[in-house]
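Here are a few friendly notes to help you find your way around. Please keep the structure open beside you as you read.

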2 protein chains.
Amino acid sequence: MDFSSFVTSLGTSFLLFVVFMLLFAWVSGKPENHVIYYPNRILRGLSPTPRTRNPLSWVKEAYSSTEDDIISLSGVDSAVYFVFLSTAFTMLVVSGIALLPSLLPISITDHSIRLENTTSNGTFSELDKFSMGHIGKGSPRLWAYLIAVYWVSLATYYLLWKAYKHVSEIRATALVSPEVREAQFAVLVRDIPVPLEGESRKEQINSYFKAIYPDTFYRSMVVTDNKEVNKIWEELEKYRKKLATAEAVYAQSKTIGMPEGTKPTNRTGFLGLCGKKVDTIDYCNEKITELSSKLEAEQKVTLREKQVGSALVFFTNRVNAASAAQSLHARMVDTWTVMDVPEPHQLIWRNLSLNYYEREVRKYTIYFVVALIIFFFMIPIAIISASTTLQNLVKLLPFIKPIVEIAAVRTVLEAYLPQIALIVFLALLPTMLMFLSKAEGIPSESHAVRAASGKYFYFIVLNVFIGVTIGGSLYDNFKEFQHNPTGIADTLARNLPDNATFFLTFVALRFFVGYGLELSRLVPLIIFHLKKRYLCKTEAEVKEAWAPGDFRYATRFPADMLILTVTLCYSVIAPLIIPFGAVYFGLGWIVMRNQALKVYVPTFESYGRMWPHIHSRFLAALVLYQVTMVGYFGLRLFPYGALVIPLPIMSLIFAFVCNKKFYRFFKHTALEVACRDLQENPNMERVYDSFCPPCLNSDKLYDHVGDA
Amino acid sequence: MDFSSFVTSLGTSFLLFVVFMLLFAWVSGKPENHVIYYPNRILRGLSPTPRTRNPLSWVKEAYSSTEDDIISLSGVDSAVYFVFLSTAFTMLVVSGIALLPSLLPISITDHSIRLENTTSNGTFSELDKFSMGHIGKGSPRLWAYLIAVYWVSLATYYLLWKAYKHVSEIRATALVSPEVREAQFAVLVRDIPVPLEGESRKEQINSYFKAIYPDTFYRSMVVTDNKEVNKIWEELEKYRKKLATAEAVYAQSKTIGMPEGTKPTNRTGFLGLCGKKVDTIDYCNEKITELSSKLEAEQKVTLREKQVGSALVFFTNRVNAASAAQSLHARMVDTWTVMDVPEPHQLIWRNLSLNYYEREVRKYTIYFVVALIIFFFMIPIAIISASTTLQNLVKLLPFIKPIVEIAAVRTVLEAYLPQIALIVFLALLPTMLMFLSKAEGIPSESHAVRAASGKYFYFIVLNVFIGVTIGGSLYDNFKEFQHNPTGIADTLARNLPDNATFFLTFVALRFFVGYGLELSRLVPLIIFHLKKRYLCKTEAEVKEAWAPGDFRYATRFPADMLILTVTLCYSVIAPLIIPFGAVYFGLGWIVMRNQALKVYVPTFESYGRMWPHIHSRFLAALVLYQVTMVGYFGLRLFPYGALVIPLPIMSLIFAFVCNKKFYRFFKHTALEVACRDLQENPNMERVYDSFCPPCLNSDKLYDHVGDA
């Protein structure tokens, strides 16, 4: 890519960004769009309107908001996300301030390589002047680059250490809070052995825990297999919704001149397309009555007969719950496993019934599957695209035959089918990884998000970054590296400089277009208006149509980490990338701050448990960078380049020390934190009820049947 | 070694064993020797005499004793040691029953190799007929050996699994015991931060724990730096002992015709050799008065000013103490570290003052030092022996000059000096490893023993076994392996068969002579009688002279493990070794049973915490064996030998699963075990006092000053 096309691409992206900004300023002011631009405020009962009509007022608001605002409006997890953004931003600014004024002049004034290298990469670009590749081999000027690598690394250590400490404090402050939080009073007990003859599960669990915690044990809730009852309950909910819609339609039809109105009808067959035509309201009422009694019967059966070997155990005291979750209860680790419980609504009930061995086997199987996906993801795509040739498609879907016979369409389709397969695969990947993470048997939604985010990080960094750099999938390269194990760093180092401009453009595109779209919320806006006009009949449906969703950390973090990895790896080789990276994280901080304050509604709160993951992946990116630099100095024939070798080792020691010092508090609740006084005595009845799954929650049935 | 010399050596060993047995039967019956052969029973107030005069009655007694007898007379740790012995024995018997009748005929009837191999190792021995080396290369008969490897491995997995389960039960039963055990009511708190201005340590600790455990916190004992006070106390004790001796001597001298007696005297100078001559009794009394007041002053200073950031915290309840030791108390792992406390007398007080970072740094430094010792132990010995030439010795010790000048002595000395250096090094090694383990900052004696035993195991297996087999120290071989990393298994496999006879003799020597000496206790007997006659004046001194000591696990386990490793590695290559190994562990079981019941007095009780170490080292030996077999099958050009490769992987998975399932209970006390009712309410005053170090224990001074 030469200089002019680089400028063109940058300009286009910037133009798009300006358009998005203007659009946002214009559209977000209109009251009918407030539900798209201020849903978080609306849902919390705050006024949605901005104070001024200044189109940039949101920047000021975002900038002046404090961490406490974020925590109160969007939770600890969001605050931790901003710590990550600001750490990355500060790191890049600190690096940029030192590296740009020192390294750029050094490389521009070096003319030793121009002659030999001019034609090597086809086109010589003006941008190459600013990069390390412009320095002659073995030149003493490389000392400056060596020092730069140390500068970036040491700055990262310092900032990450500070950030870990800060996040630890945020977490402690949130956990210390005198508010009653249900999850702090309960623990999850799994792998309960088969009870003795004539003893119910409930009795077994109660007597076990009463013996250990005679004073603070409150009661227990035996987990049941809710698959059946949940299915019925969901069907019932569907009909209730349908009934509400039908009644709204009926009421609407009444007002227009015709006082008796038209009763809505539907067909009972497949997708409402065929079958008998019935009155929807009557039909739904009938179905609801039928399902209600079915539900009640199934609820009783579930509670009586479908108990599994897990339970939620409640304590009247936070300290005991916190220490129980950390202590070994039974002699064998595979019985009476006690662990922290997440918030009630993020419990994944169907995973609670898995026993220890199932969980372990699933976990390692899924690690293996994910490793296969990461290394060999090109293979299934190749197979899919090989089998989805046009001939096969025509056989499957005969009606497309006439279209396919047009020569032009045929050519295009044949050329793009493999790419389409790849795009579909990549689009489905996060969902697939989330599904796999949940299949591991993880009991909480937020933990599953962390697990999926970790998997996606490895996929994206390994395949996108290394893949683009070296070309081809990891598997192809892996075959080559088998013969020469130290070759990975070399190959990466050899190929990095050629791709500097590509990644510069990539980062710029990501922040201009990515954050432009994010802020202007064009897609949700359009979808909302379409839904509102054509689909929504009731208030609830409208509300559902503008529901903003949450941050989707599972894909957001890995995407940010990719930018961070790219910027870090190029920071010394092509320092021009640093300002781009800094803008990405700086702009991201401002835009996401706005989104956190006004748009997204968190679905769970894990009190910053995401941080250790971010921290270790940040360090993984740093190690990748340091290893690449070892290889690159080798290629530049700079003998003192070996001085970089201690850096990856230092990073590993740093990771080890941080892990030792901070991690345990992120895994468990420290007792000194849990022992603070509460605002009020917890209403244990309410705490207990909050954990009842909705499908079992009618008339406190659970309660009474459960107490055998 | 040819067949006849093998038989000679075996015969000699057996003869020695018979002599030891007869000696034991004769000497142990004499009442004046009872303190040597029954000290454990005497100290527990049981009758020392055996019931019959039958010289083999001890075998019956040992054999018929139950595990409960062992636990009550010698503690859980001994019982666990017997589980190890019987597991190794059963494993070898099970292997022998299958392997001997099948493999021996197969190798004897194979004649394919005799011709080619007859002269290869210098002398062809009859014993080689029974080994795998006798089978022709690539012969299908090797299938039998392949199956044998699987048989031995599977038997080991099964037996180890059963043993781990059994030991886990023994531990649980012991911990459940309704007796009040002091250590179960206390925890050790380290890394306490600096208290606030105007707050004493005691107040700080009490308020911290009272907040978390308002109902069950009893009180705390701040750890002090006792170095000074301990020195004074030890000196005081020395003089008290001396006084008692002097008084005994004086009293003795009175009875013999001279009613006023002779007052014993001594010189006050160096070693009692020079200086002023004084009356011992007066001198000691004077010194005791002087030191007592000094001790009292120092005690006060210590308690007031030498408090360190550690404390023992007492609870009125076992469950809380057990769960506190497992829970995270502070947000940062490097403050308020809470851990289990060992029995009072095995607390290593001087290690309690080390903080988190000192402990971590020491630990890794010592790991590094030990690794150096294991790999390069030949180097310091070479240096020492190079510097301890005769010339240097003469310079150092001029008085040996006349002796050295005799030609014969000179030759012998010059030839043996390096070996003497090696022997001295090997003799000092266990002490050195124990010292290093304690220097890690481990707070309990039993833990230090485990750590030292682990270090010694690696040294002995790597250097003795691999060293003898391949020849030369690890370092020499390591240089070779650098060029060919897969060569270790090959080299080991190539060299093993040549040393089969050597190790057969070695094992035989170990059990005949080793257990003969162990049972007959010749050395302690002689030392005791010498001491009694020439040194002991008081009852206390006599008692000290026959004090039997404990099992010395730190060297006993590694020695047993060496035999086990040797037997395992040869089990298929030269199955003749199996009966020898079986006899070693069988005889060991009987002999040590006798020693546990009658002789040794355990100095600590760790409730079987040794087992996970034994288990993982047992598996390490198995993996070494399996890897060797992979190499050996390769050498025998047997293509299906690759089928052995899954075995080491299986072993690692087995180790991982066992670790997951059982280990946590050995690290911590399970709460279901701690919550059992006690026989009586614990006398907390007594529990607290038992932890006072003896040097601070006068007049409960500790108690009162401590409570600021």
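The points below cover two charged patches, a helix and a loop.

1. Before anything else, please bear in mind that this is a predicted model.

2. Start with the negative charge on the surface, where A:Glu235, A:Asp282, A:Glu286 and A:Glu290 gather in a patch. Helix α10 of chain A, residues 280–305, gives the largest share of this patch, with 3 residues.

3. A:Asp282 is a good residue to pick out, and it lies in helix α10 of chain A. Its relative accessible area is 41%, so it counts as partly exposed: the partly exposed class runs between the buried limit of under 20% and the exposed limit of over 50%.

4. Next, have a look at helix α24 of chain A, which covers residues 577–599. Its 23 residues reach 31 Å from the first C-alpha to the last, close to the 33 Å expected at 1.5 Å a residue. This helix is mostly covered, with 20 of its 23 residues buried.

5. In chain B, the loop between α24 (577–599) and α25 (611–635) holds B:Val601. B:Val601 is partly exposed, at 22% relative accessibility. Its C-alpha atom is separated by 24 Å from that of B:His615, 14 residues apart along the chain.

6. Finally, which residues form the positive surface patch? They are A:Arg664, A:Lys667, B:Arg664 and B:Lys667. Helix α26 (646–667) of chain A and α26 (646–667) of chain B each supply at least two residues of the patch. One of the patch residues, B:Lys667, sits in helix α26 of chain B and is partly exposed at 45% relative accessibility.

Terms used: Residues are numbered from 1 along each chain as its sequence is written. Chains are lettered from A and ligands numbered from 1 in the order in which they are written. This is a predicted model: local features need pLDDT of at least 70, side-chain atom pairs count only at pLDDT 80 or more; totals for chains, interfaces and linings use all residues. Side-chain values use heavy atoms; hydrogens and water are left out. Patches are made of residues with over 30% relative accessible area and no salt bridge: like charges are joined within 9 Å, nonpolar side chains (Val, Leu, Ile, Met, Phe, Trp, Tyr) within 5 Å. Accessible areas come from the Shrake-Rupley method with a 1.4 Å probe; for residues, only the protein chains shown count as cover. A salt bridge is a side-chain nitrogen of Lys or Arg within 4 Å of a carboxyl oxygen of Asp or Glu. Lys and Arg count as positive and Asp and Glu as negative; His and the chain ends are not counted. The place of a charge is taken as NZ of Lys, CZ of Arg, CG of Asp or CD of Glu. Helices (H or I, at least four residues) and strands (E, at least two) are DSSP runs, numbered from the N terminus. Buried means under 20% relative accessible area, exposed over 50%, partly exposed in between (1.4 Å probe, protein chains only). The expected span of a helix is 1.5 Å times one less than its number of residues.
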